[in-house]
Amino acid sequence: MLTRRERQDQGHQAEDRFRAWLDRWHLPHIYIEQSPFTFPAHLKGAIKRPDFLVGVPTIGTIAVDVKAKTVYDNTILIDAFEHRTLAAFETFFNLSVWFACFPPDAPHTGYLFQNRDLARLPATTVKGTPAIAVPLRLTRAVDERRDFMAALLGAISLR
């Protein structure tokens, strides 16, 4: 079992992988600082900030929440509370939120999928916490050494 610090380190490494991927393809992006001072007090617990805003040429801006996630039984587990609060972010800011999940033990492998697609999946309980098991077939497997735009458009075509 990983310590809290080890999980945080894995999350930062996943964010670094994602940032490097966007930089490699010269895509405009903004990292959203996560300190409590950058968050409106009246929305605490109601919305979650994604990690990045990404400018997608000719399409617009998407929000991306980056995760270090291990694949279990061909699924990725997403906290149900995170899904719900990211859905509220989508509503308040009129932006699509995507997940970019990078398994810590799989270099150059990641998975893209939209937060809104989780709404049709049943919630389960994992270690006492409500979660959504996202089947890999509903994600787009990606290699961050390849073109980000091709991966994103491939993920859109899954719908």
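## Notebook: sheets, cores and salt bridges

I began with a strand pair: Phe52 stands opposite Val64 in β3. I note here that the model is predicted.

**Entry 1. The six-stranded sheet**

I asked how β2 and β3 run where they are joined. They run antiparallel, and 5 bridges join them. Both strands belong to an open sheet of 6 strands. I read its order as β1-β2-β3-β5-β6-β9, and the pairing is mixed. Which strands stand at the edges? I found β1 (29-31) and β9 (140-142) there. Each has a single partner strand, so one side of each is left without a neighbour in the sheet. I also looked up the turn between neighbouring strands of this sheet, which is 25° on average, direction ignored.

Next I looked for what lies across these strands. Helix α3 lies across β2, β3, β5, β6 (110-114) and β9. I noted its direction as well: α3 runs at about 165° to β9.

**Entry 2. The nonpolar cores**

I then turned to the buried nonpolar residues. In soluble globular proteins, nonpolar side chains tend to be buried together. The largest nonpolar core here has 21 residues. Which of them touch the most other members? My list reads Phe18, Trp21, Val54, Val64, Val66, Leu112 and Phe148. I traced the core back to its elements. Those giving two or more residues are α1, β2 (52-56), β3 (60-68), β5 (97-102) and α3 (148-156). I found that α3 gives the most, with 5 residues.

I picked Phe18 for a closer look. Not counting residues up to four places away in sequence, Phe18 touches Phe52, Val54, Val64, Val66, Ala100, Phe102 and Phe148. The strand partners I started from, Phe52 and Val64, are thus both on the contact list of Phe18.

Apart from the largest core lies another core, of 17 residues. Its members include Leu95, Tyr111, Ile132 and Val134.

**Entry 3. The three-stranded sheet**

I found an open sheet of 3 strands in the order β4-β8-β7. Its pairing is antiparallel. The edge strands are β4 (75-79) and β7 (123-126), each pairing on one side only. Neighbouring strands of this sheet are turned by 50° against each other on average, direction ignored.

I checked the β7 side in detail. β7 pairs with β8 (residues 129-135) over 4 bridges, in the antiparallel sense. Which residue in β8 is the bridge partner of Thr125? I read off Pro130. Val126 stands opposite Thr129 in β8. β7 and β8 form a hairpin with 2 residues between them. In its turn, Lys127 has a positive phi of about 55°.

A helix packs on this sheet too. Helix α2 (residues 80-93) touches β4 and β8. I noted that its direction makes about 65° with that of β4.

**Entry 4. Salt bridges**

I counted charged pairs next. Side chains of opposite charge can pair when their charged atoms come close. The count comes to 8 salt bridges.

I looked up Asp9 and Arg5. Their closest N and O atoms are 3.7 Å apart, in a salt bridge. Both sit in helix α1 (residues 4-24); being 4 residues apart, they are separated by about one helical turn. Are these two buried or exposed? Asp9 is partly exposed at 29% relative accessible area, and Arg5 is exposed at 53%.

I then went to Asp65 and Lys67. They form a salt bridge, with the closest N and O atoms 3.0 Å apart. Asp65 is buried, at 0% relative accessible area. Lys67 also counts as buried, at 13%. Salt bridges that share partners join Lys48, Asp65, Lys67 and Glu82 into one network.

My last pair was Asp143 and Arg145. Their side chains meet in a salt bridge at 2.7 Å, N to O. Asp143 is buried, with a relative accessible area of 17%.

**Entry 5. Val71**

Where does Val71 lie? I found it in the loop between β3 and β4. Val71 counts as partly exposed, at 27% relative accessibility. Leaving aside neighbours within four places in sequence, Val71 is in contact with Ile76, Pro103, Tyr111 and Leu136. Of these, Tyr111 is among the members of the 17-residue core. I also looked up the spacing to Pro104. The C-alpha atoms of Val71 and Pro104 are separated by 9.7 Å, and the two residues are 33 residues apart along the chain.

How values were computed: Residues are numbered from 1 along each chain as its sequence is written. This is a predicted model: local features need pLDDT of at least 70, side-chain atom pairs count only at pLDDT 80 or more; totals for chains, interfaces and linings use all residues. Side-chain values use heavy atoms; hydrogens and water are left out. Two strands pair if DSSP finds at least two bridges between them. Axes are lines fitted to C-alpha atoms, for helices over the stretch in contact, and angles run from 0 to 180 degrees between N-to-C directions. Contact means heavy atoms within 4.5 Å. A salt bridge is a side-chain nitrogen of Lys or Arg within 4 Å of a carboxyl oxygen of Asp or Glu. Buried means under 20% relative accessible area, exposed over 50%, partly exposed in between (1.4 Å probe, protein chains only). A nonpolar core is a set of buried Ala, Val, Leu, Ile, Met, Phe, Trp, Tyr and Cys residues joined through side-chain atoms within 4.5 Å.
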